[in-house]
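Hi,

Here's the structure I said I'd pass along. Have a look, and my notes on what turned up are underneath.

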Amino acid sequence: MAALTFELPDGTQRRVEVSSLLNAGYAGRSQDDVAAHVAELAELGVPAPSTTPALYPVAPYLGQQTTRVPVQHARTSGEAEWALVVDDTGDLLLTAACDHTDRALEAHGVAWSKNAGPDVLARTAWRLAEVADRLDTLTLRAWVTPVGGGEELLVQDGTAGELLPPGYWTEVLRERGELRPGTVLISGTIPMREGVDQFAARWRVELADPATGNVIALAYDVVPMPEPIG
C-alpha cells in the first residue's frame, strides 16, 4: 500500500495508508455536457462508459506524492482534479490531484489507461469540513510546460462547482462500504483549453480558496523512460 502524508493549515500532519484508490470519470455537474463529451470522445475512438458518472478502481500503489512521472511514450497527460482522502483517523480531507493518464491506451479501455500512470497528490490538504460551505467557489487550474521548454501554459481553468461535489461521492462510498480510512477518491476533471498541447514535459496543478487566499499545489516532471531492449 502507498503511504501518504498531508500537512494541514495549522501545521499538523495526517497520514493515510491507501487501501482503495478510485478515479471518478465523466463527473461533470451537468450530465448534458457530459453526454456531449462522451460523444466527442467516441469520435476519437475512446469507448463510451456504460453509465455516467463512472468510477474506476485503481491500484492503490498508484496514489503517489512525487515530482517525477516516468512514461513509456509521448501520448500521456495529466488532469487537474481534487481528491477526497479518508485519513487514518477517519477524517475527510480535500487536496489537489493530477491523474496522469495513458491516452494511447485510453482508446482501448479507460479503466486500463487509469492504471497505466499514477494519481499524483499534493502534500498539503484541508479538512473537508472547513471548506464545505464554499466548495463550489474553489478554483482548479493546471499549467503545462511544453516538451523542449518554453513558456508555461494554462491548460485547464475552472472551479470545483463544475464537478459533482464531495458530498455526492461520500454517499457513493458509504453505499459501497468504502467510506473508511485508507480510501482516496479522485474527482474527475474539468475541460482542457483548446489549442494547448497537453502532451507536455511538466504539469502543475493548483486548488485554491478565493475566500482565504490559501492554495494547495503540486507539480511534476514527465520523464521519458529508455527504449526497451527486446
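There are 18 salt bridges in this one, and bear in mind that the model is predicted. A few of them are worth pulling up on your screen.

Start with E79 and R103, whose side chains pair up at 3.0 Å, N to O. E79 sits in the loop between β7 and β8 while R103 belongs to helix α2, so this bridge ties together parts that are 24 residues apart in sequence. E79 is buried at 10% relative accessibility, and R103 is buried too, at 13%.

Next up is D91 with R127, where the closest N and O atoms are 2.7 Å apart. This pair links strand β12, home of R127, to the loop between β8 and β9, where D91 lies, 36 residues away along the chain. D91 counts as buried at 18%, but R127 is partly exposed at 24%. Both also belong to a salt-bridge network that includes R14, D87 and E130.

Then there's D209 and R134, at 2.8 Å between the closest N and O atoms. D209 is in strand β16 and R134 in the loop between α4 and β13, so the bridge joins parts 75 residues apart in sequence. D209 is buried, with just 2% relative accessible area; R134 is partly exposed at 21%.

One last spot, away from the charges: G161, in the loop between β14 and α5. G161 has a relative accessible area of 19%, and it counts as buried because the cut-off is under 20%. Leaving out its sequence neighbours up to four places away, G161 touches R29 and D136.

Cheers

Terms used
Residues are numbered from 1 along each chain as its sequence is written. This is a predicted model: local features need pLDDT of at least 70, side-chain atom pairs count only at pLDDT 80 or more; totals for chains, interfaces and linings use all residues. Side-chain values use heavy atoms; hydrogens and water are left out. Helices (H or I, at least four residues) and strands (E, at least two) are DSSP runs, numbered from the N terminus. Buried means under 20% relative accessible area, exposed over 50%, partly exposed in between (1.4 Å probe, protein chains only). Contact means heavy atoms within 4.5 Å. A salt bridge is a side-chain nitrogen of Lys or Arg within 4 Å of a carboxyl oxygen of Asp or Glu.
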